[in-house]
Amino acid sequence: MLEEMIRRALDEYGGEMTNLSLLRYVGTSVRAAEIRAVVDSMPDVVSYFGDSSGGGRYPLIHRRLDKADVAAFIVSKGFRHPEDGGIPSSAEVRYYLAEKPREDARQARAEAERKRWEAYWAKAEESRQKAEDHARHMRLCREWGNAHGYTVGTRGAISRDVREAYKRETGVEL
């Protein structure tokens, strides 16, 4: 029941609220230690001491964040051993909140750059393929022209008559 009230309160207040606000929301019959114990058991809510302009200097804040995501990020940065379990500390949550958006932005930029280069190389490959096909058809047109009584040199431009006859015969336009 208390967990449901905490979830409802966090939903109403945009996913984050101070301990004092949560105590006011839940009611005076519940102690702060009870709230902390319930929040510690919730996998998608973290508690940390944060800077806030209202209330105290460093109030206890409850925020909707997946504890596993916070722990995985901290482990990926090398601040915690993968086998170290437990609840993320206030410092780890503050670091996560400060650095995760930067990390996400960096990864998004890297992904955009990778896609840009993929598009560039795909376009270059398409261009190379077109040039290769054109060269192959030019060679075939010269061979076809010589085989069908036209005079076609080994280099240079191919006359319009030969190209049009080759197009009628094969359907390939040069």
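This is a guided tour of a predicted model, moving from its sheet to its helices, its salt bridges and its surface.

**The sheet**

Begin by selecting residues 16-18, which form β1, and residues 45-49, which form β2, and then add residues 60-64, which form strand β3. Together these three strands make an open sheet in the order β1-β3-β2, and the pairing is antiparallel. Because β1 and β2 stand at the edges, each with a single partner strand, one side of each has no neighbour in the sheet. If you look along the sheet, you can follow a twist that averages 20° from one strand to the next. As a general point, the strands of a sheet pair through backbone hydrogen bonds, either parallel or antiparallel.

Now look at the two pairings in turn, starting with β1 and β3, which run antiparallel and are joined by three bridges. Select M17 here, and you will find that its bridge partner in β3 is H62. On the other side, β2 and β3 pair in the antiparallel sense over five bridges, and a good place to centre the view is Y48, which stands opposite I61 in β3.

Is β2 enclosed or left open by the rest of the structure? Four of the five residues of β2 are buried, so this strand is largely enclosed by the rest of the structure.

**The helix across the sheet**

Next select residues 2-12, which make up helix α1, and turn the view until you see this helix lying across β1, β2 and β3, where it runs at about 85° to β3. While this part is in view, show the side chains of E3, R7, D11, D44 and R64, which are linked in a network of salt bridges.

**A loop residue beside the network**

Move on to P43, in the loop between α3 (32-41) and β2. P43 counts as exposed, since its relative accessibility is 53% and the cut-off for exposed is over 50%. Its contacts, once neighbours within four places in sequence are left aside, are with R7, L65, D66 and K67; R7 is also one of the residues of the salt-bridge network.

**Along helix α5**

Now select residues 90-147, which form helix α5. Which residue of the loop between α4 (67-76) and α5 ties to E103 of this helix? The side chain of E103 meets that of K77 in a salt bridge, with 2.9 Å from N to O. Since E103 lies in helix α5 and K77 in the loop between α4 and α5, the pair ties together parts that are 26 residues apart in sequence. E103 counts as buried, at 16% relative accessibility, whereas K77 is partly exposed, with a relative accessible area of 32%.

Two further salt bridges can be selected within the helix itself. In one of them the side chains of D104 and K100 meet, at 3.0 Å from N to O, and these residues both lie in α5, four residues apart, which is about one turn of the helix. D104 is partly exposed, with a relative accessible area of 34%, and K100 also counts as partly exposed, at 24% relative accessibility.

In the other, R128 forms a salt bridge with E132, where the closest N and O atoms are 2.7 Å apart; here too the residues both lie in helix α5, four residues apart. R128 counts as partly exposed at 38% relative accessibility, and E132 is partly exposed with a relative accessible area of 43%. The count for the model comes to 20 salt bridges.

**A nonpolar patch**

Staying with helix α5, select W121 and display the surface. W121 is exposed, with a relative accessible area of 53%, and together with W117 and Y120 this residue makes a nonpolar surface patch of about 380 Å².

**Two long distances**

To finish, select R139, which also has its place in helix α5 and counts as partly exposed at 43% relative accessibility. How many Å lie between the C-alpha atoms of R139 and R8? They are 75 Å apart in space, while the two residues are 131 apart in sequence. A second pair to join with a line in the viewer is P43 and M138, whose C-alpha atoms are separated by 68 Å, the residues being 95 apart along the chain.

Notes: Residues numbered from 1 in each chain as written. Predicted model: local features only at pLDDT ≥ 70, side-chain atom pairs only at ≥ 80, totals over all residues. Heavy atoms only, no water. Pairing = 2+ DSSP bridges. Axes fitted to C-alpha atoms, helices over the stretch in contact; angles between N-to-C directions. Contact = heavy atoms within 4.5 Å. Patch = residues over 30% accessible without salt bridge, like charges linked within 9 Å, V, L, I, M, F, W, Y side chains within 5 Å. Areas by Shrake-Rupley, 256 points an atom, 1.4 Å probe, with all protein chains shown as cover. Salt bridge = Lys/Arg side-chain N within 4 Å of Asp/Glu carboxyl O. Buried < 20%, exposed > 50% of the residue type's maximum accessible area, 1.4 Å probe, protein only.
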